[in-house]
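I am opening my notebook on a new structure. I will look at one thing at a time and write down what I find.

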Amino acid sequence: MYAEMKQAVVLGDAVRARQLAEGVVDGEGDVVAAIEQGFAAGIRRVGDLWEEGEYFLPELVQGAEAMKAAMAVLQPALRKRLGGKASKGRVVIGTVQGDLHDIGKTLVATLLSAGGFEVDDLGSDVSVDRFLARAKENGADIIAASALLTTTMPVQKAIADGIPSLGLAPRPRLLVGGAPTTAAWAAQIGAAWAENALRAVAVAESLVGASRRA
Amino acid sequence: MNAFAERLRRRETALLDGGLGSLLIARGLAGGEAPESWVLSRPDDVRRVHGDYVGAGSDAVHAATFGANAIRLARFSLADRCEELNAEAVRLARESGARFVLADVGPTGEYLPPVGTGDRRSWKEAFVRQGRALAAAVPDALHVETMTDLREALIALEALKESAPSLPVMVSLTFQRKKRGFFTIMGDALAGSLRSLAEAGADAVGANCTLASADMRLLAEEARAAVDLPLVIQPNAGSPEAREGSVFYSQAPEAFAEEMALVASLGVELVGGCCGTDPRFIRALRSRLDSKGSRS
């Protein structure tokens, strides 16, 4: 059955993914295993196929949509099972001001949500002030900011520069990404960096762990 | 047929310009501000950047109309100034003294389902509207650039052929280098894409952005074998790097010029630069092209 769940995501079949997820919930099956060994394994395979150049943006987006459909069904059950402590942390996410690209950002939001984070997606063309205000309002653990243009990357720095003014140190931590961004850029502005949407989940987990320890 | 179209027909080499946005940022354009807005608010700066390219040896410069379609302008609340902006931008490029002015036509910024919610009909309308505005401004050619979806490029081409029938239309797609070859992010393969554009009536086809000159050289070889049309190749200046909170491109002008001269020698007629390239890159390339005697 897990293989079928994985396959539904790999094929981008949101209808099948939802049915399989409903089967798990209705049959009181193992929700965590269904995510880990089924749907999440599928999205990892989609990521591999992208890296290998077999999959392109439409396949990637459809895979994420299938994952999202399954998670919409599984998340309430997961929360119930974990006694309301299903959230690994709160994330405010958006594409920075002047930048209209939101595909990568939306993928990251979907995967973070699937990975157990509470995600507040502000969309694209989000101002520095809006990122900061929402993060303060939500008590966010992470601000995730995407920039797809070299001309909009400096907005990520402006967010980094604005975070101390919230007076909530060590939170929120800043996570940046987008095609032109690099590890060096992130290090320079004092942010964490994820090379792609799949990596973003692992980086977010490490950030939450780090700020909880701090 | 205008002089630029005649030049394309004779398959002569022409040196284009380099990046525009990064030079406007150097003059104070804020991150998140639309470069097109400077056409109206800071025309002297835009004209000077074009002039710097002309001084560096560009035969043709691109007017600052990349984002001047109504769909993209609407994001900056400038859609109602679409006609004015396209006309002014072409005028500024003309006033720089450039021999040829290419009007730039960039993507809408939307995607078709399942990736986004874009709609072919509204795209066509937006490109027809920009095409009409540009036709009235009389540039020497139109250049559809940085397209990551072949379908959007074909819609733009069709719209411009209808709305500006007297002008040549060049079309450049943006490719990534994958294990199996060059593809757009939507999965359009290089050779097939260029042939589709040629069949749809493009007067020149090629690639710009994302790739640096070394990869573009490989791409140019495949492109040259794929179509018998004038080719246009404009790489980035290497990969973007961060320095002191700003973004820079890593490649030296000489290294860029050396590789682009080789690209020209493959039989690529139109060479220039994209993100990160500036007048130094164009000057270096000009001197290589001239010393090889490729200049017509």
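Which residue follows α6(A), and what is the sign of its phi? I looked it up: Gly139(A) comes after α6(A), and its phi is positive, near 60 degrees.

**Ground rules.** This is a predicted model, so I keep its limits in mind: local features need pLDDT of at least 70, side-chain atom pairs count only at pLDDT 80 or more, and totals for chains, interfaces and linings use all residues. Residues are numbered from 1 along each chain as its sequence is written, while chains are lettered from A and ligands numbered from 1 in the order in which they are written. Helices (H or I, at least four residues) and strands (E, at least two) are DSSP runs, numbered from the N terminus.

**Helix α6 of chain A.** I stayed with this helix, residues 128-138. I listed its buried residues: Val128(A), Phe131(A), Leu132(A) and Ala135(A). They cover an arc of only 90 degrees around the axis, so they lie on the same side of α6(A). The arc is that of the directions from the helix axis to the C-beta atoms. I noted the rule behind this: an α-helix has 3.6 residues a turn, so residues three or four places apart point the same way. Asp129(A) and Glu137(A) are exposed on the other side of α6(A). My cut-offs: buried needs 20 or more other C-beta atoms within 10 Å of a residue's own, exposed means 12 or fewer, and partly exposed is in between, with C-beta atoms placed from the backbone.

What do the buried residues of α6(A) pack against? I found β1 (90-95), β3 (142-146) and α7 of chain A.

**The sheet of chain A.** Those two strands led me to an open sheet of five strands. Its order is β2-β1-β3-β4-β5 (chain A), with parallel pairing. Two strands pair if DSSP finds at least two bridges between them. β2 (118-121) and β5 (192-193) of chain A stand at the edges. Each has a single partner strand, so one side of each is left without a neighbour in the sheet. β1(A) and β3(A) pair over five bridges. In that pair, I saw Val92(A) opposite Ile143(A).

**One residue, Ile43(A).** I picked Ile43(A) in helix α3 (residues 31-51) of chain A. Is it buried or exposed? Ile43(A) is buried, because 27 other C-beta atoms lie within 10 Å. Next I checked its contacts (C-beta atoms, placed from the backbone, within 7 Å). Beyond neighbours within four places in sequence, Ile43(A) touches Val9(A), Gly63(A), Ala64(A), Met67(A) and Leu111(A). Ile43(A) and Ala8(A) are 35 residues apart in sequence, yet 9.7 Å apart in space, C-alpha to C-alpha.

**Two domains in chain A.** The domain assignment gives domain 1 (2-81) and domain 2 (90-213). Such bounds come from an automatic or database domain assignment. The domain centres, taken over C-alpha atoms, are 24 Å apart. Eleven residues from domain 1 and eight residues from domain 2 form the contact. On the domain 1 side, α3 and α4 of chain A each give two or more residues. The largest share there, seven residues, comes from α4(A).

**Where chain A meets chain B.** How many residues does each chain bring to the contact? I noted 27 residues from chain A and 24 residues from chain B. On the chain A side, α4 (57-81), α7 (153-162) and α8 (183-189) each supply at least two residues. Here too α4(A) has the largest share, five residues.

**Chain B.** I counted twelve helices and twelve strands here. Buried residues make up 55% of its 296 residues. An open sheet of eight strands runs in the order β1-β12-β9-β8-β5-β4-β3-β2 (chain B), with parallel pairing. Its edges are β1 (14-15) and β2 (60-63) of chain B, each with a single partner strand. Strand β9 (residues 231-236) joins β12 (residues 270-271) of chain B by two bridges. Ile233(B) stands opposite Val271(B) there.

My last stop was strand β11 (residues 246-249) of chain B, where side chains alternate. Val247(B) and Tyr249(B) point to one face and are buried, while Ser246(B) and Phe248(B) point to the other and are not. Strand β10 (residues 240-243) of chain B runs antiparallel to β11(B), joined by four bridges. Pro240(B) has Tyr249(B) as its bridge partner.

How values were computed. Contact = placed C-beta atoms within 7 Å.
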